[in-house]
Amino acid sequence: MNKQVFFLILLIICSFTSRGQSVIELTKQADDCVAREDYKCAIYATKKLIELESNKIKLAFHYFNLGTYQRNLTYYKSALRSYNSAIKTFPTFLVAYRERAALFYFLGKLDNALKDLNMALTIDTINEATLMDRASFYNVTGNLDLASKDLEKVIKNNPKNYRARANLATIKIKKGNYNDALNDFTVLVAEYPTQPILHNNRADALRRLKMLDEALKEAEIALMLDETFVWGHVNKGLILNDLNRVDEAKKEFDRAIQLGFTQEEIDFLMNEK
(Lines give C-alpha, C1' and ligand atoms only; values in the text may rest on other atoms or scores of the structure.)
Protein backbone atom coordinates (compact mmCIF):
# COMPACT_ATOMS: atom_id res chain seq x y z
CA MET A 1 0.00 0.00 0.00
CA ASN A 2 1.23 3.49 -0.87
CA LYS A 3 2.59 5.21 2.29
CA GLN A 4 0.66 8.42 1.57
CA VAL A 5 -2.61 6.49 1.24
CA PHE A 6 -1.85 4.55 4.44
CA PHE A 7 -1.20 7.70 6.43
CA LEU A 8 -4.32 9.33 4.96
CA ILE A 9 -6.46 6.34 6.05
CA LEU A 10 -4.82 6.40 9.49
CA LEU A 11 -5.51 10.12 9.77
CA ILE A 12 -9.19 9.60 8.88
CA ILE A 13 -9.56 6.78 11.42
CA CYS A 14 -7.92 8.87 14.14
CA SER A 15 -10.13 11.81 13.24
CA PHE A 16 -13.32 9.76 13.59
CA THR A 17 -12.09 8.19 16.83
CA SER A 18 -11.19 11.56 18.28
CA ARG A 19 -14.52 13.01 17.19
CA GLY A 20 -16.46 10.08 18.65
CA GLN A 21 -14.70 10.36 21.98
CA SER A 22 -15.20 14.10 21.98
CA VAL A 23 -18.95 13.76 21.37
CA ILE A 24 -19.25 11.11 24.08
CA GLU A 25 -17.31 13.24 26.53
CA LEU A 26 -19.28 16.39 25.74
CA THR A 27 -22.59 14.54 25.99
CA LYS A 28 -21.60 13.19 29.41
CA GLN A 29 -20.42 16.64 30.45
CA ALA A 30 -23.73 18.21 29.44
CA ASP A 31 -25.67 15.49 31.28
CA ASP A 32 -23.55 15.96 34.41
CA CYS A 33 -24.04 19.73 34.24
CA VAL A 34 -27.81 19.36 33.99
CA ALA A 35 -27.86 16.88 36.88
CA ARG A 36 -26.30 19.49 39.16
CA GLU A 37 -28.36 22.30 37.56
CA ASP A 38 -25.28 24.07 36.23
CA TYR A 39 -26.89 25.32 33.05
CA LYS A 40 -24.02 27.60 32.01
CA CYS A 41 -21.83 24.54 31.92
CA ALA A 42 -24.52 22.64 29.99
CA ILE A 43 -24.76 25.49 27.47
CA TYR A 44 -21.00 25.40 26.91
CA ALA A 45 -20.96 21.63 26.30
CA THR A 46 -24.02 21.76 24.05
CA LYS A 47 -22.57 24.53 21.88
CA LYS A 48 -19.50 22.35 21.39
CA LEU A 49 -21.75 19.44 20.42
CA ILE A 50 -23.49 21.67 17.87
CA GLU A 51 -20.11 22.49 16.30
CA LEU A 52 -19.33 18.78 15.90
CA GLU A 53 -22.74 17.43 14.83
CA SER A 54 -23.51 16.72 11.17
CA ASN A 55 -26.69 14.64 11.60
CA LYS A 56 -29.63 17.01 11.18
CA ILE A 57 -31.96 15.32 13.63
CA LYS A 58 -29.28 15.12 16.34
CA LEU A 59 -28.33 18.72 15.60
CA ALA A 60 -31.94 19.81 16.06
CA PHE A 61 -32.07 18.08 19.43
CA HIS A 62 -28.87 19.85 20.50
CA TYR A 63 -30.42 23.20 19.56
CA PHE A 64 -33.58 22.22 21.44
CA ASN A 65 -31.61 21.29 24.57
CA LEU A 66 -29.63 24.51 24.27
CA GLY A 67 -32.88 26.50 24.21
CA THR A 68 -34.11 24.68 27.32
CA TYR A 69 -30.93 25.43 29.26
CA GLN A 70 -31.08 29.08 28.17
CA ARG A 71 -34.71 29.32 29.34
CA ASN A 72 -33.69 27.97 32.74
CA LEU A 73 -31.26 30.88 33.02
CA THR A 74 -33.89 33.38 31.75
CA TYR A 75 -31.90 33.96 28.54
CA TYR A 76 -35.18 34.17 26.68
CA LYS A 77 -34.03 35.80 23.44
CA SER A 78 -31.23 33.29 23.12
CA ALA A 79 -33.66 30.46 23.87
CA LEU A 80 -35.97 31.63 21.08
CA ARG A 81 -33.05 31.68 18.64
CA SER A 82 -32.13 28.14 19.67
CA TYR A 83 -35.70 26.88 19.26
CA ASN A 84 -35.83 28.63 15.87
CA SER A 85 -32.66 26.80 14.83
CA ALA A 86 -34.06 23.48 16.05
CA ILE A 87 -37.23 23.94 13.98
CA LYS A 88 -35.35 25.22 10.93
CA THR A 89 -33.08 22.17 11.09
CA PHE A 90 -35.92 19.70 11.71
CA PRO A 91 -39.20 21.32 10.50
CA THR A 92 -41.46 18.58 11.94
CA PHE A 93 -39.92 18.76 15.43
CA LEU A 94 -43.25 18.79 17.28
CA VAL A 95 -41.87 19.20 20.82
CA ALA A 96 -39.82 22.20 19.74
CA TYR A 97 -42.99 23.93 18.51
CA ARG A 98 -44.67 23.17 21.86
CA GLU A 99 -41.79 24.53 23.90
CA ARG A 100 -41.40 27.60 21.73
CA ALA A 101 -45.15 28.16 22.12
CA ALA A 102 -44.77 27.99 25.90
CA LEU A 103 -41.97 30.55 25.77
CA PHE A 104 -43.95 32.84 23.46
CA TYR A 105 -46.87 32.62 25.87
CA PHE A 106 -44.62 33.48 28.82
CA LEU A 107 -43.29 36.49 26.92
CA GLY A 108 -46.84 37.66 26.16
CA LYS A 109 -46.62 36.87 22.43
CA LEU A 110 -49.96 35.10 22.34
CA ASP A 111 -50.44 35.08 18.57
CA ASN A 112 -47.06 33.44 18.10
CA ALA A 113 -47.82 30.90 20.82
CA LEU A 114 -51.11 29.88 19.22
CA LYS A 115 -49.50 29.72 15.78
CA ASP A 116 -46.89 27.25 17.09
CA LEU A 117 -49.50 25.10 18.83
CA ASN A 118 -51.55 25.00 15.63
CA MET A 119 -48.44 24.07 13.66
CA ALA A 120 -47.64 21.26 16.09
CA LEU A 121 -51.15 19.90 15.58
CA THR A 122 -50.71 19.86 11.81
CA ILE A 123 -47.78 17.53 12.43
CA ASP A 124 -49.83 15.27 14.69
CA THR A 125 -53.54 16.13 14.79
CA ILE A 126 -54.33 13.98 17.82
CA ASN A 127 -51.20 14.55 19.89
CA GLU A 128 -52.50 14.47 23.44
CA ALA A 129 -49.93 16.78 25.03
CA THR A 130 -50.35 19.43 22.34
CA LEU A 131 -54.14 19.34 22.54
CA MET A 132 -53.86 19.74 26.31
CA ASP A 133 -51.48 22.70 25.80
CA ARG A 134 -53.81 24.39 23.33
CA ALA A 135 -56.83 23.75 25.56
CA SER A 136 -54.95 25.39 28.42
CA PHE A 137 -54.10 28.34 26.16
CA TYR A 138 -57.74 28.75 25.11
CA ASN A 139 -58.90 28.37 28.71
CA VAL A 140 -56.58 31.07 30.03
CA THR A 141 -57.38 33.44 27.16
CA GLY A 142 -61.12 32.99 27.68
CA ASN A 143 -61.98 30.84 24.66
CA LEU A 144 -63.79 28.24 26.74
CA ASP A 145 -65.69 26.61 23.89
CA LEU A 146 -62.50 26.02 21.90
CA ALA A 147 -60.78 24.72 25.04
CA SER A 148 -63.65 22.30 25.57
CA LYS A 149 -63.40 21.01 22.00
CA ASP A 150 -59.69 20.21 22.39
CA LEU A 151 -60.29 18.47 25.72
CA GLU A 152 -63.13 16.46 24.21
CA LYS A 153 -60.75 15.26 21.48
CA VAL A 154 -58.27 14.12 24.13
CA ILE A 155 -60.97 12.30 26.09
CA LYS A 156 -62.33 10.63 22.96
CA ASN A 157 -58.91 9.18 22.19
CA ASN A 158 -58.00 8.47 25.82
CA PRO A 159 -60.97 8.25 28.21
CA LYS A 160 -58.56 7.49 31.07
CA ASN A 161 -56.94 10.93 30.88
CA TYR A 162 -58.35 12.24 34.14
CA ARG A 163 -56.60 15.59 33.77
CA ALA A 164 -58.46 16.30 30.55
CA ARG A 165 -61.74 15.26 32.15
CA ALA A 166 -60.99 17.40 35.22
CA ASN A 167 -60.07 20.41 33.08
CA LEU A 168 -63.31 20.02 31.13
CA ALA A 169 -65.27 19.92 34.39
CA THR A 170 -63.40 23.02 35.58
CA ILE A 171 -64.51 24.85 32.44
CA LYS A 172 -68.08 23.93 33.37
CA ILE A 173 -67.50 25.70 36.70
CA LYS A 174 -66.25 28.77 34.82
CA LYS A 175 -69.42 28.68 32.72
CA GLY A 176 -71.56 28.43 35.84
CA ASN A 177 -72.63 24.82 35.23
CA TYR A 178 -71.92 23.84 38.82
CA ASN A 179 -74.18 20.79 39.00
CA ASP A 180 -72.69 19.26 35.87
CA ALA A 181 -69.20 19.96 37.18
CA LEU A 182 -70.06 18.41 40.54
CA ASN A 183 -71.33 15.27 38.83
CA ASP A 184 -68.14 15.03 36.79
CA PHE A 185 -65.87 15.47 39.79
CA THR A 186 -67.89 12.99 41.84
CA VAL A 187 -67.25 10.36 39.17
CA LEU A 188 -63.57 11.30 38.93
CA VAL A 189 -63.05 11.16 42.71
CA ALA A 190 -64.56 7.68 42.77
CA GLU A 191 -62.21 6.55 39.99
CA TYR A 192 -59.05 8.33 41.21
CA PRO A 193 -59.46 8.74 44.99
CA THR A 194 -55.80 9.56 45.65
CA GLN A 195 -55.64 12.67 43.44
CA PRO A 196 -55.88 15.78 45.67
CA ILE A 197 -56.72 18.10 42.77
CA LEU A 198 -59.92 16.16 42.07
CA HIS A 199 -61.11 16.39 45.68
CA ASN A 200 -60.19 20.07 45.69
CA ASN A 201 -62.13 20.79 42.51
CA ARG A 202 -65.13 18.85 43.78
CA ALA A 203 -64.95 21.00 46.92
CA ASP A 204 -64.93 24.09 44.71
CA ALA A 205 -68.09 22.96 42.91
CA LEU A 206 -69.76 22.23 46.25
CA ARG A 207 -68.79 25.65 47.59
CA ARG A 208 -70.33 27.38 44.60
CA LEU A 209 -73.53 25.38 45.18
CA LYS A 210 -73.49 26.61 48.82
CA MET A 211 -73.02 23.06 50.13
CA LEU A 212 -70.36 24.34 52.47
CA ASP A 213 -70.11 21.58 55.08
CA GLU A 214 -69.60 18.92 52.43
CA ALA A 215 -67.23 21.23 50.58
CA LEU A 216 -65.09 21.61 53.69
CA LYS A 217 -64.88 17.83 54.17
CA GLU A 218 -63.76 17.42 50.56
CA ALA A 219 -61.16 20.17 50.88
CA GLU A 220 -59.78 18.50 54.00
CA ILE A 221 -59.43 15.21 52.12
CA ALA A 222 -57.40 17.02 49.43
CA LEU A 223 -55.02 18.39 52.07
CA MET A 224 -54.83 15.06 53.87
CA LEU A 225 -53.54 13.61 50.59
CA ASP A 226 -51.06 16.46 50.08
CA GLU A 227 -50.54 19.10 52.78
CA THR A 228 -48.35 21.14 50.39
CA PHE A 229 -51.08 21.43 47.75
CA VAL A 230 -51.38 25.21 47.62
CA TRP A 231 -54.80 25.30 45.94
CA GLY A 232 -56.10 23.05 48.68
CA HIS A 233 -55.28 25.70 51.28
CA VAL A 234 -56.71 28.47 49.11
CA ASN A 235 -59.94 26.60 48.55
CA LYS A 236 -60.29 25.58 52.18
CA GLY A 237 -59.75 29.21 53.14
CA LEU A 238 -62.50 30.33 50.78
CA ILE A 239 -64.89 27.75 52.20
CA LEU A 240 -64.07 28.71 55.81
CA ASN A 241 -64.54 32.36 54.92
CA ASP A 242 -67.99 31.56 53.47
CA LEU A 243 -68.76 29.79 56.77
CA ASN A 244 -67.77 33.01 58.60
CA ARG A 245 -64.83 31.21 60.25
CA VAL A 246 -62.58 34.10 59.37
CA ASP A 247 -59.65 33.36 61.69
CA GLU A 248 -59.39 29.78 60.43
CA ALA A 249 -59.65 31.02 56.85
CA LYS A 250 -56.74 33.41 57.46
CA LYS A 251 -54.55 30.52 58.65
CA GLU A 252 -55.22 28.68 55.40
CA PHE A 253 -54.48 31.77 53.31
CA ASP A 254 -51.27 32.37 55.25
CA ARG A 255 -50.18 28.79 54.53
CA ALA A 256 -51.01 29.28 50.83
CA ILE A 257 -48.79 32.38 50.79
CA GLN A 258 -45.98 30.35 52.38
CA LEU A 259 -46.36 27.90 49.50
CA GLY A 260 -46.10 30.59 46.81
CA PHE A 261 -49.54 32.17 46.44
CA THR A 262 -49.84 35.96 46.70
CA GLN A 263 -52.18 38.12 48.75
CA GLU A 264 -53.32 39.80 45.54
CA GLU A 265 -54.39 36.44 44.12
CA ILE A 266 -56.28 35.60 47.29
CA ASP A 267 -57.98 39.01 47.29
CA PHE A 268 -59.06 38.48 43.69
CA LEU A 269 -60.61 35.08 44.52
CA MET A 270 -62.31 36.51 47.62
CA ASN A 271 -63.98 39.15 45.47
CA GLU A 272 -64.82 36.80 42.60
CA LYS A 273 -68.50 36.65 41.80
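**Loop residues, a helix pair and a surface patch**

Thr 74 is partly exposed, with 48% relative accessible area. In this predicted model, Thr 74 occupies the loop that joins helix H3 (56-72) to helix H4 (76-89). The backbone at Thr 74 has a phi near 60°, a positive value in a residue other than glycine.

A positive phi also occurs at Lys 210, where the angle is near 65° and the residue is again other than glycine. Lys 210 is located in the loop between helix H11 (196-208) and H12. The relative accessible area of Lys 210 is 67%, and since exposed residues are those over 50%, Lys 210 is classed as exposed.

Helix H12 (residues 212-225), which follows the loop containing Lys 210, packs with its axis within 9 Å of that of helix H13 (residues 230-242). The two axes cross at roughly 160°. Because angles over 145 degrees count as roughly antiparallel, H12 and H13 are assigned a roughly antiparallel arrangement. The handedness of the crossing between H12 and H13 is left-handed.

A nonpolar patch on the surface is formed by Tyr 105, Leu 110 and Val 140. Together, these residues present about 250 Å² of accessible area. Of the patch members, Tyr 105 is placed in helix H5 (residues 94-106). Tyr 105 has a relative accessibility of 33% and therefore counts as partly exposed, a class that lies between the limits of 20% and 50%.

Technical notes
Residues numbered from 1 in each chain as written. Predicted model: local features only at pLDDT ≥ 70, side-chain atom pairs only at ≥ 80, totals over all residues. Heavy atoms only, no water. Patch = residues over 30% accessible without salt bridge, like charges linked within 9 Å, V, L, I, M, F, W, Y side chains within 5 Å. Areas by Shrake-Rupley, 256 points an atom, 1.4 Å probe, with all protein chains shown as cover. Salt bridge = Lys/Arg side-chain N within 4 Å of Asp/Glu carboxyl O. Helix = DSSP H or I, 4+ residues; strand = E, 2+ residues; numbered from the N terminus. Buried < 20%, exposed > 50% of the residue type's maximum accessible area, 1.4 Å probe, protein only. Axes fitted to C-alpha atoms, helices over the stretch in contact; angles between N-to-C directions. Parallel < 35°, antiparallel > 145°, perpendicular 65-115°, else oblique. Left-handed = near helix turned anticlockwise from the far one by under 90°.
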